[in-house]
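The following exchange asks how several structural labels are justified. Each reply sets a computed value against the criterion behind the label.

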Amino acid sequence: MISVCMATFNGGKYIREQVASILEQISGNDEIVVSDDGSTDDTLEVLNSFHDARIRICKGPRKGIPYNFENAISHAKGEYIFISDQDDVWAPNKVERMVEALQNVDLVVSDAWVSDKFCKSTGVSLYDMYPPHKGFWPTIYHTNYIGCCMAFKRTVLKKVLPFPPHIIGHDYWIGQIADLYYDTCFIPDKLLYYRRHGDNASTFTTGKSPLPLWKKLRFRFWIVFYTLRRCFS
């Protein structure tokens, strides 16, 4: 069983296209788990308009993006868990290719086309901008574990959940845990259109974090602390 975990907040403008691209490639026994953090636009109306029992909507915790994703993941029932943003579009072979890769590892990350607001590829991929790397300390410095490009086995949840305090990025946390405690791999396939529309929560493609240096250092300290602490769980 596959669980696609999506965190939403006022994503009505783009979410229909994203959900449609997912439903087309999952089976009747799979699910999309949506944690909605109090959307005030038509996000929930769009989701309900699919009239598809595979879509399950959960009330979000309203504690920020990482914990909204944690809520979705904690409700997942599948053996294979995919992370999904609300505004991208999946390539038609994304599920098949990533499940294939997961037969040999615990977590897999794919490449993606960086796209404009119409989901038209710019001709540049995420790997072009940031060649993937592994390793605890390189990943602490700069993570290449991008949530929307990620899928993993349920066994990874043993050390991923619950999310600790002070986490800024859900994918940063999951990637760091997986890199240290599980088998991971990066595959070259470009399996989604990473939509950049100007209102994205992520600044990954700009390379410019809005956080001051002291917050970046504090965040990395807590990532190291809690990641190493999980060795006892």
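Q: Why is there no bond between the sulfur of Cys148 and the closest cysteine sulfur?
A: The closest cysteine sulfur, in Cys149, lies 4.0 Å from that of Cys148, which is too far for a bond. A disulfide is a pair of cysteine sulfur atoms within 2.5 Å. The structure holds zero disulfides.

Q: On what basis do these statements rest, and what is left out?
A: The model is predicted; local features need pLDDT of at least 70 and side-chain atom pairs count only at pLDDT 80 or more, whereas totals for chains, interfaces and linings use all residues. Side-chain values use heavy atoms, with hydrogens and water left out, and residues are numbered from 1 along each chain as its sequence is written.

Q: What makes Cys148 buried or exposed?
A: Buried means under 20% relative accessible area, exposed over 50%, and partly exposed in between (1.4 Å probe, protein chains only). Cys148 has 2% relative accessibility, so it counts as buried. Cys231, at 42%, therefore counts as partly exposed.

Q: How do you know whether His51 and Arg62 are buried or exposed?
A: His51 has a relative accessible area of 73% and is therefore exposed. Arg62, at 61%, is exposed as well. His51 has a positive phi of about 50° although it is not a glycine, and Arg62 likewise has a positive phi, near 60°. His51 is in the loop between α2 and β3; Arg62 is in the loop between β3 and α3 (65-74). Helices (H or I, at least four residues) and strands (E, at least two) are DSSP runs, numbered from the N terminus.

Q: Why is strand β2 described as largely enclosed by the rest of the structure?
A: Six of the six residues of β2 (residues 31-36) are buried, so the strand is largely enclosed. Both faces are covered, with Glu31, Val33 and Ser35 on one side and Ile32, Val34 and Asp36 on the other.

Q: What makes β2 a partner of β1 and of β3?
A: Two strands pair if DSSP finds at least two bridges between them. Six bridges join β1 (residues 2-8) to β2, in parallel, and five join β2 to β3 (residues 55-59), also in parallel. The bridge partner of Thr8 in β2 is Asp36, while Ile32 stands opposite Ile55 in β3.

Q: What makes a set of residues a nonpolar core?
A: A nonpolar core consists of buried Ala, Val, Leu, Ile, Met, Phe, Trp, Tyr and Cys residues joined through side-chain atoms within 4.5 Å. The largest one here has 70 residues; among those with the most contacts inside it are Ile32, Phe152 and Trp173. Strand β9 (residues 184-195) gives the most to this core, with six residues.
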